[in-house]
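Reader: I have a structure to look at, and I keep meeting labels. Can you show me how each one is earned?

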Amino acid sequence: MKIYISGSEDPEKRKQVAEALAKNGHEVIDSKSIESQIWILSKRGKAAVRTSLIPHCEAIFMMDSWQNCEIARKEFDKAVEERLTICFENGKGA
């Protein structure tokens with residue numbers, strides 16, 4: 001399953017989550033790693049690029065504290081709109 005990671009800004013935590021998902025056979029799209037390649041864009045532009053990837057995935061993995069991140073909230077809304085499977089770290093929902 002292709003899973004989009006959203007939430008924590010901690011690169012080490014994101015790496016751990018991505019590795020765990022990949023180990024379980026999933027293809028991982030880490031929005032933060034993509035953002036580093038579009039550094040020239042404004043915050044709004046980065047959010048647009050990141051959310052444009054969501055329809056190409058089957059699920060989104062919301063890391064703890066995602067509610068505290070403006071872009072993660074937009075990614076969540078897009079995932080709901082696209083009817084993706086939504087997974088929450090430690091099983092905690094919205």
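Author: Start with a cut-off: a residue is called buried under 20% relative accessible area, exposed over 50%, and partly exposed in between. Keep in mind that this model is predicted.

Reader: Why is Cys57 called buried?

Author: Its relative accessible area is 8%. The limit for buried is under 20%. So Cys57 counts as buried.

Reader: What makes Cys87 partly exposed?

Author: Cys87 has a relative accessible area of 28%. That value falls between 20% and 50%, so the label is partly exposed.

Reader: How do you know that Cys57 is in no disulfide?

Author: A disulfide needs two cysteine sulfur atoms within 2.5 Å. By this rule the count is 0 disulfides. For Cys57, the nearest cysteine sulfur belongs to Cys87 and is 12 Å away. The pair therefore fails the cut-off.

Reader: What makes strand S1 mostly covered?

Author: S1 spans residues 2-6, and 4 of its 5 residues are buried.

Reader: How do you know that S1 and S2 pair?

Author: Pairing takes at least two bridges. S1 and S2 (residues 27-30) have 4, in the parallel sense, so they pair. One of the contacts is Ile5, whose bridge partner in S2 is Asp30.

Reader: Which way does the crossover from S1 to S2 turn, and through which helix?

Author: The chain passes through helix H1, residues 11-23, and this β-α-β crossover is right-handed.

Reader: What makes S1 and S3 a pair?

Author: They run parallel, and 4 bridges join S1 to S3 (residues 59-62). At least two are required, so the pair qualifies. Ser6 has Met62 as its bridge partner in S3.

Key:
Residues numbered from 1 in each chain as written. Predicted model: local features only at pLDDT ≥ 70, side-chain atom pairs only at ≥ 80, totals over all residues. Heavy atoms only, no water. Buried < 20%, exposed > 50% of the residue type's maximum accessible area, 1.4 Å probe, protein only. Right-handed = clockwise from strand over helix to strand, strands pointing away.
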